[in-house]
Amino acid sequence: MGISYAAQAAEKTAIEAKTGQLAIQDRPVLWTAKREQLIREYAKKHYGREMVTIVPQAVVVHWTASHSAESTYKWFYKEDYADGTLNVGSQFLVDRDGTIYRLASETALCRHIIGYNWCAIGIENVGGVNNAEDLTEEQLLANIKLIRYLQAKYPTIHHVFGHYQQDIARKSGLYREKVAGYRSIKQDPGPAFMKGLAMALADEKLVLYGE
Ligand SMILES: [Zn+2]
């Protein structure tokens, strides 16, 4: 037991050493009064209250199902979606090499996961085309760093889960949705990536799920 504990501690220290520095590049999407109005409408319809900003209680991890940060940025840039509602988007985007882009204010409500946008910061990772579990080690380390940064900044954050864990994450008590039957099936960002995050991040203050 002593040996295994030491090995775990060594691993943790190695991870912390690698994640000691965090660089974030601001690359905001289009943000006008129109987006804020669309956010209010979305929040009213799905959560029953008009709100533009959130008190973060969870971090939700995704993959983009696209090949490049550039294409995802272009996709998120517009304020409205094809059906005239709030466009999808997330606060953060992590490129294949681990570069972290901040696309919106950390406490702005972004549309990235049904049921939790009112309280969750989203991290999109470039990859996962055709549901291939291909996120990189650089992305894993960047996500660990970014989540530690967010946890330190917002002590209200106690939950981290992947988009595909949206149902098991209802255990958090954070799920809210007023539109009956509004849901989608997701596989991102894959169990291997979430296992890596759970190994590095699970502690007495953060809840993650094993599968
Ligand atoms: Zn997703």
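## Salt bridges and helix α2: worked exercises

R27 forms a salt bridge with E70 (a side-chain nitrogen of Lys or Arg within 4 Å of a carboxyl oxygen of Asp or Glu), the closest N and O atoms being 3.2 Å apart. The model is predicted, with local features needing pLDDT of at least 70 and side-chain atom pairs counting only at pLDDT 80 or more, while totals for chains, interfaces and linings use all residues. Residues are numbered from 1 along each chain as its sequence is written, and side-chain values use heavy atoms, with hydrogens and water left out.

**Exercise 1.** Work out which parts of the chain the pair R27 and E70 links.

*Solution.* Start with the positions: R27 sits in the loop between β1 (24–26) and α2, whereas E70 belongs to helix α3, and these distant parts of the chain are 43 residues apart. Helices (H or I, at least four residues) and strands (E, at least two) are DSSP runs, numbered from the N terminus. Next, take the accessibility, where buried means under 20% relative accessible area, exposed over 50% and partly exposed in between (1.4 Å probe, protein chains only). R27 has 27% relative accessibility and therefore counts as partly exposed; E70, at 39%, also counts as partly exposed.

**Exercise 2.** Trace the salt bridges of E106, and decide whether E106 is buried or exposed.

*Solution.* First, the side chains of E106 and R102 meet in a salt bridge of 2.7 Å, N to O. Second, E106 forms a salt bridge with K153, whose closest N and O atoms are 2.9 Å apart. Because E106 lies in the loop between β4 (100–102) and β5 (120–125) and K153 in helix α4 (residues 137–153), this pair ties together parts that are 47 residues apart in sequence. E106 counts as buried because its relative accessibility is 5%, whereas K153, at 45%, counts as partly exposed. Salt bridges that share partners join D26, R102, E106 and K153 into one network.

**Exercise 3.** Check the length of helix α2, and find where its buried residues lie.

*Solution.* The expected span is 1.5 Å times one less than the number of residues, so the 15 residues of α2 (residues 33–47) should span 21 Å, which agrees with the 20 Å between its end C-alpha atoms. The buried residues of α2 are R35, L38, I39, Y42, A43, H46 and Y47. They cover an arc of only 135° around the axis (taken from the directions from the helix axis to the C-beta atoms), which puts them on the same side of α2. On the other side, A33 and K45 are exposed.
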